[in-house]
Structure formats: structure tokens, C-alpha cells
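Here is a walk through one protein model. Keep the sequence and the 3D view side by side as you read.

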Amino acid sequence: MNPSDSRPEPRGAPDRFGGVDVKTAMRRTAGGLCFLAFVAAFKLGPQTLSLGEVGREAWLFFFQVVGLMVTASLSLYASRHGSEDARTAWKCFALGHILYLCGNLYGTYLILSGQGETFPSVRETAYFLMAIAFAIGMSHYGEVSRKVTRTNVYNFVLVYCAITVACLFLLREHIENSVLTKFGTIVAFLYPALWFSVAAFGAMSLAIYSHGRRRFPLQLLLGAVFAEAVADMVYAMEQIGGTYELGGTTQFLWVSSIGLSIWAVVEHLSMSGAPERGLAGRRGYATMALASLPGVAIIIFMFSGSATGAFGGHPFYVGFSVLLGVVFAAAAGLREHSIIHTLEMLTDDAAEGRRRMLAVLESTSDSVIVLDRDWRLTYFNGPASNTLATARGHLRVGDALWTGLSPDEGFPGKPAIQKAYRIQEETEYEAAHGDVWLDVRVFPRPDGVSIFFRDISERRKARLEIEHLALRDPLTGLANRTSFHRTLNAALSSGDHVGLVILDLDHFKEINDTRGHPVGDEVLGVVAKRLAECVGEGTTVARLGGDEFAIILSNLSEEEAGSIAEKVGQSLSRPIHLQDTMIRIGASVGVAFGHPNIDADVLLRNADIALYEVKNSGRGGYAFFRKAMETLLVERNGIKQDLANALENDEFELYYQPLVDLDTGKVCSFEALLRWNHPERGLMPPDTFIPLIEESGLIVPIGAWVMRTACKQALSWPSDVSVAVNISTRQFFDPALVDTIKSALSDSGLPTRRLELEITESALLNDSGDNLATLSTIRGLGHKIALDDFGTGYSSLGYLHKFKFDKLKIDKSFVEGLNIKDEREAIVRTVISLGKTLGMIITAEGVETPEQYAWLKGSCQQAQGHYISHPMPADKIARFMAKHDGAATANEAPKALRTDSNTPSLIRRAGRPCNNGRFARRYPERARAMQWTSLVAGRATPSVEKKVHTSKK
């Protein structure tokens, strides 16, 4: 037993009678009684009322015209207000009844006017079209498909032809004796056959499908069609035989058909308005029933032929024809069944594949929508509904994807989707949809497109963060070098007038060395903020690395760029307060402009050249790139390349400048000074190449060569004369310095006491314990250590109490002020007093006049300068000492300036341009050489001159 049969009836469910609820049974009973009353009134009314011929015609008019008006009106009402899925069917029924009404009205007109009617007439055309309208209506009302498919049409034509052939067989004798024309005879049996075909299809629909509550109205409609078919068959036979009279069986059947149609439409309207598509379904034998249609057509054909003796009147021929028809029908039916079964299997497989595909589409995290060529939805899965419904509300199949004027209102990327469909190529893009970002992939088809999309908001956010990290400096948040180059190339490609500002922080390395890298990082952060404030939003500020920054300017004049550069310099010159500490920095700025076709690397190089010019001129300013700067840079680079091979090619030479004891007037020491014999330029002054030696890092090996050479050459001097060698800043911090000193003494055999080492104040800027340790180690070897250029550095006084130097050398800038009674003379007196107090030897540098020499003689222990002697090569030292010491013994003043080189005392140091017109006229070659020297040296800063003591002597 079916478990559902034992399930208790729900409480409150209506009583049922024969599977139908009592209310429906009562309504149908009432309908049946009304129908019987309707046909009984038509049949018995004239006799009961004793109506005459005119009364009978009026009675017939009432039922066949007024009744059709009622039927047509009710059908039209059902087509507008009935169940939505049955409205098309009732439109067809309404059209059929209107055609029927028009035919009857025309017939009534002919009767009332007394005109004769020739068969066939216009009425038959209306009745024929009525049958077609009913066939379409029955198909839409009765079948599950709700569509008039080609298969349905073929089957209908098959049955219609079979019934027509049967009519030919069955009505053969009537046709042979027809009183109508040949055309009229054919028409007479064509449309009854059409009605029987409609009835056959209605019966088949009832047999194959179960229609729920709609089954009873369909049965009533089928009864109406069958009554119409029988009536038309009788009418056709009477017309062929010429025996038709108004009234009789045909009118009764036609009125019955009208009554059944009225009952059917009332029954349909009495049901609830809810559609019943889901209740309809095929019965188990539906396939066999559909397959039997060709067989039924054959049986109709063969049986009608056998019944009329078309295949012979003998029982044997009749039996044989029937048997042949059965076999023929069975074969056709089985073949049709096989085809239908195969198609159903294919359909089931396709349905299963579709079911699986839909299951996959519903289970995937991707959103999927399918559109037809009119951009209407034909499918969407759950994720798509959730994504799109947030922006457009409820989503339904058949909705247009884009409904508004904006192309992205319904779904983003309308142009891209339409283009993909137009060219039939897949496409993929990303677009924003409301608050989310979608990754959209479009797959076009000939009849539409399939769109797969997913929410990539989080992925896109992560990707943008990664790109931000890849294109941003993590310390300052500014653009990094990669982002800078991208932006610069884009600006140049756009055709803008692009300016580039490159800047370096002044003395930033000292901040890192003295205060630590964390403080340096904080300084860089403050610098980044100040730069952003200087240029505002929309301008790219980048950190290229270390303390180097860049600013990209677009469509600005040189004057405007200069204002920005000056603003940057002023902003960065303000003190920075960090951790209760005030730090001062500055910036050197280079500016370059580029035309649209310039390469980004060339523009960057030009800005670097301008920056280098600022650095070389003393820092703390800005400069615009000029072509002459590039020429100067080429010259400097050429000198650097030559310097790389100068030591190997033995192009360097040492000159020596004497230091005299002011008490005895005799030479007590020589300071070694480096010169370069360039193979093409000749003897080059130190200012032209020593700063480049510092930059290139060659100062350490060249300094070691100077120390070895000076020790070897000093070995030939008197034993009481020492040699002084300058130690540059980079040499001082070289871990191998002590080994270099030991090696020079060991190779030359010079006693330790005869080698003096001079340290500049700039080498002591980094106040660390390593400085004192290095100085102590050198003192431990037995060498004297002199503090050179005293008074011009940063930390001399602090070091005087930490380390006892053997000698202090007063810088020439103070000696120049002697005998003119300015503050420099007071400073020299103070230094001399300080040196005596600390027990150090005081040496005055840059003595160039007899007055200076006389002033110092009673105060200092030693003096050095052009008044005593210019620097000389090693092979002239012996002759100089013999002459000088002899003069000292005779107590004569030095006369070097009157006898050496014929060079006026106006020339203070090499590398400075001569401003004396008389000197330039007298020595034009030397004046031009010194001007060239100044150009190449690039106005070296005082700090650079202090670092390389030899450059100013």
C-alpha cells in the first residue's frame, strides 16, 4: 500500500466525492443540469410553444446567434481575466466562436432576405477557419508544452489526411451521386474531417496527459468539438445528396456544441486563478500513444478501404487487407516508438547534463548569467542573484540586463560585452559594481553571451597594497625609484614640459655616524613631509635612495621651478627637533628641464650634473643645468680616468716646502707636497686633482706611495732634518694606516723620529674612541703628530685636552692678519699662548712678507711659507739647504722670494684665478693655465682644501 494512502486527512480539509471536492461536484452537477435544460429547451421549445415556421426560425436564431454571442463574450473575458497561462487558448476559442457567429449571421441574413445560397459560400470559409482556431486553442489549453511545435503540426496533418482519405472511402457512393460541383463536393467533406482531426488530437491529449482541475473543461471542449464534427459530417452528407433542410439533427448538434462551450468557459472561470502547469504531466503510456499516431492513420486508411470494398468485396481480400493494415500500422508504430524512445533518451541525457551543469553552476562560487541576443536574462545562478539583486532588486528570467540610460546601471562593462558578442571573441575585464569590484569574463555565442563574474574586492585590495609596497618607499611613504621612473617616462611621453629637481641632504652622513641610523631615519621622515608640503598634491616626490630625493614638475617655467627649489632649500634649512635634540641640515638642489623627446635617463643625468655643481660650489643652494656643466664634468671624468693610471705610470712627484726654526733660522723639517706630471697637460697644480683623488678613493694607495717616497728621499738629508707627511681624512680611518707607516720606515731605513705626521681637523670630526686609539698607536711608534690648519675646523679645542699633540700649525688665514691690527692678530697671540701653556711647538703657515716673519720670530718656534721658499723638487733640496743655512749662520733674512722662479708674491696658491692685470700681461700662459685650473677645480670649498693639506701649498 502506498504510504500516502494511510496518511490522515488534514484537519479542516473539504469533503471529497470521487476524487472531487463537494463544492466542485455540486457546481458541475448544476452545470450539467443547465446544459440539459439548454438543449431540451432548444429541442422541445417550438413544439411546446406551438411555433410556426417563422417562430421556429426565430427560435433557431436565438440559440445559434445569441448563444454564440454569449460564448464569444465569455471566451473573451477568460482570455483577459482567466488563468494567465490559459489566456492564449481562450483567445483562440473566442476567435473561433466569433467566426462561427459571423457565419451564422450571414446565413440568417440570407434566410431573412429570401436569397438562395450556393454551396460552398463565404460561411464555409468562416467555419473552416473556426476549426483551425479551435485546433490551436486545444493545443495551448491541453498540452504541457503550450507550444505548437513542428511535430504537432506534422501529426495533425497526418491524422487529418488519414481521416480525409477515410471520408473518401466511406462517402464514395455519396460522392459519385453528388448534386454539388466537384469543388463543392470536396469542401463538403474536408472541414468535417478537419473537425474530426481536432477531436482526435483533443482525445489524444486527454489520454496522454493528466491535466488536474483543467481536465474537466478540456473534456467539455472536446465534447463540443466532437458534436461539431458529427454535425458537420451529417451536414456534408446531406449537402452532397441534396437532402439538407433547416432544423433536424445538425442544428441540435450545433446547439449542443454551443452549450458545451458555454459550460466549459464557465467551469474554467470558476476555478482559482492559480496556474496549473505544475499539475500537468505525462502518463506512463504516453510514449506508446504518441508512437501509435502513424499506425492509427494507417489503420483508418486500411479499415475504411476494407469496409467499403475498395480492396475487393470477397471476405478473403477484406481479411487480407485488414491484416496487412494491422502489420503496416504495427511496423509504423514500432518504428515511431523506437524513434521517440531514442529521442526521449537523448532528451533525458541532455536534461541530466543540464541538471548536472546547473548543479555545478549553482555550487560554484562564481556568479553566472546567460543572456539572449536582446540582452535579456535566460539564466542566473544563486551567487549572481545575490550580487545583482543588491543593486536592482529582485532578479527574474526575462529581465533586461540594462534598463537605464547609464551603460553600467544594470551591469558594468556594457560596451565590452557588446563588442565581445559582435566580434564573437572572449574577453575579460575588471570593473566596479556598486561597492564591489568584479572580475568579469564574457563568452559569446551566436544566440547570446554567457557571463562569469566574481567579487575580487579583497583580492584587488591586496594587489593594490602589494603594488603600493612595490612602488613606495617604506621609510618615508614617498614614491620609490621604480615608481619615479614610471611617472617620469609617462610625463615625458605625454608631451608635457617636464622639469626634474634632484636634491641631496648636506652632512646627512655625519648625522648617521654621530647620532645613529634610527635618528637618521626620523630625519628622512621629516624631510619627506616638508618636501610634500613644498610642492602640494598632484606632484610626484620620490626618494631615490639614501638621502637623495627627486621632484617631477610638469608645465612650469624655469622661474617657477627656481621658486620651488628655493622653497625646498629654505624648508630643509629649518632646525629639526627630535628627542629633545635640535638637528640642522641643508640641501643641495639640481634642476633640469627636458623636451618631450628626451630620454628619462638623460634628464636625470642632467639634474645630477647640476646637483654636483652645487655641491662643488659649497652646498646649500640650487643650480639649473647648463651645457657648460656637462663639459666640465667630462673634463673631470677625463682627469679621473687619467688618475687611475698615474700611479702605475710613475707620473707623480713630490715637492718639499721647508719649515725653519725661528730661533736659529735653519731648516728643521720639510713638508712633502704632491705634484702630478700629466703626459699631456704638464705639471698640474694640486687643486686640480687632489679633490678628485679623494672622490675616486685613490687617496689611500697614493698616500701610501707619498709616505714611502718621502721616507726614502729624506734619508739623504741631514740627520737633524725631518720630513712631514699629511694624512688625509680617508687615510686616517684606513685600518692599514699603522702598517703603512711601519712599512715605509722599514723599506727606507729612516729613523722613526724623523717622520712627522700631520692630521687635519676635519679628520677628527667624528668624535669616537677610534680616533684617540689611532693617535695613541702612532704616538707609540715614536712619531711626532701635528694638528694642521688649527682654528679652521670643528673640534680642535676639544681634542687639545684629550690628546697632546706635538705641534700646532696656525692656518695661513690668521697669519695674513698680522701687522694690520685686526682680530686675527689677537687670535694668533692666543693660539701661541695656548701652545706654550700646553707645551706644544707652534708653527705659522703662509708666511709671505718680511713683516710677518719679523712679527712671528719672537713668538713662534717655526715658520713656513713662500717668504722662506716655494715648494721644490727633491733634487734641489741640498743646494737650497746649503745656501739657506749659510745665510742663517750669517744672520741674514730669507731671500727666497727675490730669487725663486721669478713668480710675484701676489700668487697666494695654485688653482686660484689671477686678478692682477699686470701679471696677466707679463705671464699670459700662466694666467690662462690658472684660469683653466680654477674652472676644472670647480671652486673647491674651504672644507675640501682643509681635507687635502697639499692642495694649497
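The text below takes up two sheets, the helices on them, and two loop residues.

A word on the source: this is a predicted model.

Start with the sheet built from β6, β5, β9, β8 and β7, in that order. The sheet is open, and its 5 strands pair in the antiparallel sense. Which strands stand at the edges? They are β6 (377–380) and β7 (427–433). Each has a single partner strand, so one side of each has no neighbour in the sheet. From one strand to the next, the twist averages 25 degrees.

Now look at the β6 end. Strand β5 covers residues 367–372 and pairs with β6 over 3 bridges, antiparallel. One contact to find by eye: L371 has L377 of β6 as its bridge partner.

Two helices pack on this sheet. Helix α13 (residues 414–423) touches β7, β8 (436–445) and β9 (448–455). The direction of α13 makes about 15 degrees with that of β8. Helix α14 (residues 457–471) also touches β7, β8 and β9. For α14, the angle with the direction of β8 is about 115 degrees.

Stay with the loop between β5 and β6, where W375 lies. What sets its backbone apart? Most residues other than glycine have a negative phi. W375 is not a glycine, yet its phi is positive, about 65 degrees. Is W375 buried or exposed? Its relative accessibility is 16%, so W375 counts as buried; the cut-off for buried is under 20%.

Move on to the other sheet. Here 5 strands run in the order β11-β12-β10-β15-β16. This sheet is open too, but its pairing is mixed. β11 (540–545) and β16 (622–624) take the edges. Each pairs with a single strand, so one side of each is left without a neighbour in the sheet. Neighbouring strands are turned by 20 degrees against each other on average, direction ignored.

Within this sheet, β10 (residues 498–506) and β15 (residues 586–594) run antiparallel, joined by 9 bridges. G499 has F593 of β15 as its bridge partner. Helix α18 (residues 558–573) lies across β10, β12 (548–554), β15 and β16. It runs at about 165 degrees to β15.

Finish at S50, in the loop between α1 (22–49) and α2 (53–81). S50 is not a glycine either, and its phi is positive, about 55 degrees. S50 counts as exposed because its relative accessibility is 63%, and the cut-off for exposed is over 50%.

Key:
Residues are numbered from 1 along each chain as its sequence is written. This is a predicted model: local features need pLDDT of at least 70, side-chain atom pairs count only at pLDDT 80 or more; totals for chains, interfaces and linings use all residues. Side-chain values use heavy atoms; hydrogens and water are left out. Two strands pair if DSSP finds at least two bridges between them. Helices (H or I, at least four residues) and strands (E, at least two) are DSSP runs, numbered from the N terminus. Axes are lines fitted to C-alpha atoms, for helices over the stretch in contact, and angles run from 0 to 180 degrees between N-to-C directions. Contact means heavy atoms within 4.5 Å. Buried means under 20% relative accessible area, exposed over 50%, partly exposed in between (1.4 Å probe, protein chains only).
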